[in-house]
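Hi,

Here is the structure I promised to pass on. Have a look at it first, and then read my notes below.

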Amino acid sequence: MRPTAEPSDGIKSGAGEPTSGIILVDKPSGVTSHDVVAAVRSSLGMRRVGHAGTLDPMATGLLVIGFGQATRLLTVIVGHDKTYRATMRLGLGTTTDDADGDLLPVLPGAAQRVDELTSQGLQELIDRCFTGWIDQVPDAFSAIKVKGRRAYDLARAGQEVKLEPRRIRIASFRLLDFRPVDLPGQGTRAVDADVEVTCSSGTYIRALARDLGEQLDLGGHLTALRRIRVGPFDLENPELASTVAGGHVVPHTYRNRQGQMVVRSRMVLDRDRQAILDGSLSLAQAACMSMPVLNLDADQAARVANGGFLDLPVAGPTAALAGPESRQRLAAILVPSTRGGAKPDVVFHPEA
């Protein structure tokens, strides 16, 4: 029997429905990651919903959504490497390093350098300067906090934003297509480069486009971005197709606190509530996909439930499963203890 709802979680569900799980959402362009969370929250009738890794409004693709106790898995999932497909326009920069920003002035001689650029030369530059461990300065319009405020709020207010470089790893940065683009309205030419990037958590693809354009003395920005994978969760994996929910964007009119009528975009999921729940991954399924696994006996499970340490070797976050094989549940996420063995970092309560 599937678990019933916990009243403390605010779920309006019937008997036999899951109260926790992971949903994969294919986000459309034009809405924020928070809009997607709001759509899931509304559909499930649940307050406790979160996501693993923000996508810009312009971007499309995979958002890993957790509900119920699965929100506590998201801190592990968000740390996984990710794969993106993007189009980088080389020849023009923008204020936000993507197509939503204002165009920056064309650099002197940029059109000639665009004409001299080749796909082979571009891939060689990428391999030489943008693969492996690199230092990246995040985008000024990122969600990073500066003295308690989001960088994008400061940037939009016209304040100068200085962010420290971060060490990131680019496992793969492949050029998929390369095509010249005439931009008569801007009085220049550019190259659109379709790329696929596999990178560590914390990498800004907009910043890669910016830095690649700067390296070429051309300027650069993103015109399209799609995330296709977060760790083991892959939109192109046919075995996960039934878990992926899509949606579309509709205008939403409301009255703000100042009494003004405002129109903004809202996401509508393409599945009803029951279909979303039926397609969700359980706590145990998602945890087993996301990290190493240990099976606990009854005594170990009881000790972990009370925050006790275990004399078990773990190298990093590890899913601890308890119960009979046919009904295993996620008991905890274990992490290495400074005194040896393992300690529970997160404890999950039985859902029954």
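Which residue is the bridge partner of Leu90 in S10? It is Gly220. Keep in mind throughout that this is a predicted model.

That pair is a handy way into strand S4, which covers residues 82–90. S4 has a neighbour in strand S10 (residues 220–230): the two run antiparallel and are joined by 9 bridges. S4 is also linked to strand S9 (residues 188–199), again by 9 bridges and again antiparallel. If you want a spot to check on the S9 side, find Thr87, which stands opposite Asp194. As for burial, S4 is mostly covered, with 8 of its 9 residues buried.

Now move further along the chain to another sheet. This one is open, has 4 strands in the order S15-S16-S17-S18, and its pairing is mixed. Why do S15 and S18 each have a side without a neighbour in the sheet? Strand S15 (293–295) and strand S18 (342–347) are the edge strands and each has a single partner strand, so one side of each stays free of a sheet neighbour. From one strand to the next, the twist averages 40°.

Inside that sheet, strand S16 (residues 318–322) and strand S17 (residues 329–336) run antiparallel, with 5 bridges between them. To find your place there, look for Leu321, whose bridge partner in S17 is Leu330.

Next, helix H8, residues 283–290. H8 lies across S15, S16 and S17, and runs at about 30° to S17. Its buried residues are Leu283, Ala284, Ala286, Ala287 and Ser290. Looking down the axis of H8, you'll find these buried residues within an arc of 165°, so they line one face of the helix. An α-helix has 3.6 residues a turn, so residues three or four places apart point the same way. What covers the buried residues of H8? S16 and S17 are part of the cover, and so are strand S1 (21–27), helix H2 (74–77) and strand S11 (233–234).

Last, the aromatic rings. How many aromatic pairs does a search of the whole structure find? The count is 0. Charges over rings do turn up, though. The charged end of Arg339 sits over the ring of Phe309, 3.7 Å from its centre. Arg72 lies over the face of Phe348, and there the distance from the ring centre is 5.7 Å.

Happy browsing!

Technical notes:
Residues are numbered from 1 along each chain as its sequence is written. This is a predicted model: local features need pLDDT of at least 70, side-chain atom pairs count only at pLDDT 80 or more; totals for chains, interfaces and linings use all residues. Side-chain values use heavy atoms; hydrogens and water are left out. Rings of Phe, Tyr and Trp (its six-membered ring) pair if their centres lie within 6.5 Å; planes under 30 degrees apart count as stacked, over 60 as edge-to-face and the rest as tilted. A charge sits over a ring if NZ of Lys or CZ of Arg is within 6 Å of the ring centre and within 35 degrees of the ring normal. Buried means under 20% relative accessible area, exposed over 50%, partly exposed in between (1.4 Å probe, protein chains only). Two strands pair if DSSP finds at least two bridges between them. Axes are lines fitted to C-alpha atoms, for helices over the stretch in contact, and angles run from 0 to 180 degrees between N-to-C directions. Contact means heavy atoms within 4.5 Å. The arc is that of the directions from the helix axis to the C-beta atoms.
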